[in-house]
Amino acid sequence: MPVPQDIDSRAAGRQLLTGHRELRAQLAELRAALDETSAAGAVRDAGANAALIQQLRNRCLEYCLGLHHHHTMEDGAFPVFEQRYPEIAPVIERLREEHRQVAAGLERLGKLVAADDGQDVTWLKEELERTVAGLEEHFLYEETYLLPALGVVVPPAT
């Protein structure tokens with residue numbers, strides 16, 4: 001399928017940055033829910049923990065689908081950016097590889113969440129923290145090296 005050549009680079013970059021903000025907010029909500037679950041787990045029975053784990057499964061699935069959509073959109077725009085800005089071809093190649101790594105990590109996390117019986121969420125918190133660290137590194141790399149090439153100024157983190 002041919003890639004549309006009329007992509008507005010600046011608008012695409014702003015959309016990417018907005019996507020990062022939304023994905024970060026969703027991750028913060030997921031982490032907060034997991035913290036709440038683990039704190040409440042000390043006083044809840046296994047059935048209540050299982051229900052909370054199911055809620056987390058649903059949130060993880062929603063997040064994974066959103067991130068997959070975000071990366072699919074980016075991957076679709078990359079050929080145009082490579083044509084327009086050949087000097088950032090190495091940046092885009094790294095981003096493609098990171099997209100593959102992120103997808104593998106999210107698949108691993110999804111399998112772990114699906115296999116959990118609701119007894120202990122410590123392992124889930126640890127895996128989620130590894131995933132969050134990798135995603136944050138990926139987002140920061142895009143914001144540092146791709147967005148400026150597209151003419152987007154990234155505001156300082158708050």
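Colleague: What makes up the lining of the largest pocket by class, nonpolar, polar and charged?

Modeller: This is a predicted model, and in it the lining of the largest pocket consists of seven nonpolar, eight polar and three charged residues. There are 18 lining residues, and Q15, L16, H69, H70 and M73 lie nearest the centre of the pocket. The helices α1 and α2 are the elements that each give two or more residues to that lining, and α2 gives the most, with nine. The volume of the largest pocket comes to about 480 Å³.

Colleague: Why is the space lined by L27, L30 and C60, among others, called a cavity?

Modeller: The name applies because a 1.4 Å probe fits at the points of a cavity but cannot get out, whereas a pocket is an open set of points. The structure holds one cavity of 30 Å³ or more, and the largest cavity contains about 30 Å³ of space. Besides L27, L30 and C60, the residues Y63, C64, L106, L109, L128 and T131 line this cavity. Two or more lining residues come from each of α1, α2, α3 and α4, with α2 giving the most, namely three. By class, this lining has eight nonpolar residues, one polar residue and no charged ones.

Colleague: How do you know that H71 is buried rather than exposed?

Modeller: The relative accessible area of H71 is 6%, and since buried means under 20%, H71 therefore counts as buried. H71 is found in helix α2, and apart from its neighbours within four places in sequence, H71 is in contact with H99, V102 and H138. The C-alpha atoms of H71 and R100 are separated by 9.5 Å, although these two residues are 29 residues apart along the chain. Over the protein as a whole, 39% of the 158 residues count as buried.

Colleague: Why does the end-to-end distance of α4 agree with the span expected for a helix of its 25 residues?

Modeller: At 1.5 Å a residue, α4 should span 36 Å, and its end C-alpha atoms are 35 Å apart, so the two values agree. The buried residues of α4 are L124, E127, L128, T131, V132, L135, H138, F139, Y141, E142, E143 and L146. It helps to recall that an α-helix has 3.6 residues a turn, so residues three or four places apart point the same way.

Colleague: What makes the largest nonpolar core a shared one, and which elements supply it?

Modeller: Each of α1 (9-41), α2 (46-84), α3 (89-115) and α4 (122-146) supplies at least two residues of this core. The core has 19 residues, of which L27, L56, Y63, L67, L124, L128 and L135 touch the most other members. Leaving out residues up to four places away in sequence, Y63 touches L23, Q26, L27, L135 and F139. Another core lies apart from the largest one and has 17 residues, including I7, V91, I92 and L146.

Colleague: How do you know that contacts in the protein often join residues 24 or more positions apart?

Modeller: Among contacts with a separation of 6 or more, residues 24 or more positions apart account for 82%. The protein has four helices and zero strands, and from the N terminus on its elements run α-α-α-α.

How values were computed:
Residues are numbered from 1 along each chain as its sequence is written. This is a predicted model: local features need pLDDT of at least 70, side-chain atom pairs count only at pLDDT 80 or more; totals for chains, interfaces and linings use all residues. Side-chain values use heavy atoms; hydrogens and water are left out. A nonpolar core is a set of buried Ala, Val, Leu, Ile, Met, Phe, Trp, Tyr and Cys residues joined through side-chain atoms within 4.5 Å. Buried means under 20% relative accessible area, exposed over 50%, partly exposed in between (1.4 Å probe, protein chains only). Contact means heavy atoms within 4.5 Å. The expected span of a helix is 1.5 Å times one less than its number of residues. On a 1 Å grid over the protein atoms alone, a cavity is a set of points where a 1.4 Å probe fits but cannot get out, and a pocket is an open set with protein on both sides within 12 Å along at least five of seven lines; lining residues have an atom within 4 Å of a point. Grid points are joined across faces, edges and corners, and a volume is the space filled by probe spheres set on the points. Ala, Val, Leu, Ile, Met, Phe, Trp, Tyr, Cys and Pro count as nonpolar, Asp, Glu, Lys and Arg as charged, and the others, Gly among them, as polar.
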